[in-house]
Amino acid sequence: MEPDPLPTDRETQPVLATSWGFMKVLFLGSERSDAQTVATALRGIDDAITVSWAAHLQHGVTWLNDNRDVAALVVDALIDEGTWPSFVQHARSLALRPAVVAIVPDEPVSSVPPDADVCIRRNQFLTRDLPIVVTRALERGARLTLEQKLAAADKRLAEHQAKYEIGMARAEAK
C-alpha cells in the first residue's frame, strides 16, 4: 500500500530566491491531520515540494523503496510505539542521505534522538517553526555532503601532487 500524497497548492506558494528544486518529503505519522499540518507548514519552503504521508513504518519502507530521492523525513517520534529509528537506519543507507526531523512531545528534551538530525516540539509553534527546522536540516546535510566531496578531492589532489613530485625528483636525478 502506497502512502497518500497530500494535496499541494502550487498556485499560491512563494518561490524562494534559493530553490531546492523538486523535493520529496515523507511524513511518517499515524494521524492524517498531522500530515496535513506538516504539508501546510512545509509549503513555504519551495513551490516544488511534495509531501507524502505514511501512517505506519511498513508503508514508509515501501514508499522509501520507490522514492530513493527523498530529501527529508519528518517523523512523529511516537509512531508505532517509537520504533522509527530502524526506519531511519534504512533511509540512511540510501545514496542520497535524507534529512531527518523528529517531532517530539511538548516536554523538555535533553538531547536530539540519535537517529534524527534535529527535533522539534509538537506545540502551537510547530507550523511556524517546521519550515525553518527542515530547511536548516537540509542545508546542514548539503553542507556535509559538500565537505565530504571536498575532503575526497583534497585527498586525490594530495596523491596526485605526491606522484608529480616523485616524477619530478626522478626526472632531475637522471
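Which residues of H3 are buried? I began my notebook with that query, and I record the conventions before the result.

**Conventions.** I am working on a predicted model, in which local features need pLDDT of at least 70 and side-chain atom pairs count only at pLDDT 80 or more, whereas totals for chains, interfaces and linings use all residues. Residues are numbered from 1 along each chain as its sequence is written, and side-chain values use heavy atoms, with hydrogens and water left out.

**Entry on H3.** I looked up helix H3 (residues 85-92) and found its buried residues to be Phe-87, Val-88 and Ala-91, where buried means under 20% relative accessible area, exposed over 50% and partly exposed in between, with a 1.4 Å probe and protein chains only. Viewed down the axis of H3, these buried residues fall within an arc of 100°, so they line one face of the helix; the arc is that of the directions from the helix axis to the C-beta atoms. I then checked what they pack against, and noted strand S2 (23-28), helix H2 (57-66), S4 and S5, with contact taken as heavy atoms within 4.5 Å. Helices (H or I, at least four residues) and strands (E, at least two) are DSSP runs, numbered from the N terminus.

**Entry on S5.** I turned to strand S5 (residues 99-104), where six of the six residues are buried, so the strand is largely enclosed by the rest of the structure. One side carries Ala-99, Val-101 and Ile-103 and the other Val-100, Ala-102 and Val-104, and all of these are buried. I looked up the neighbours of S5, counting two strands as paired if DSSP finds at least two bridges between them. Strand S4 (residues 72-76) runs parallel to S5 and is joined to S5 by five bridges, with Asp-76 opposite Ile-103. Strand S6 (residues 118-121) also pairs with S5 in the parallel sense, over four bridges, and Cys-119 in S6 is the bridge partner of Ala-102. I noted that S4, H3 and S5 make a right-handed β-α-β unit, meaning that, with the strands pointing away from the viewer, the path from the first strand over the helix to the second runs clockwise.

**Entry on Arg-128.** I found Arg-128 in helix H4, and this residue is exposed, with a relative accessible area of 53%. I also looked up its separation from Leu-42: the two are 86 residues apart in sequence and 9.3 Å apart in space, C-alpha to C-alpha.
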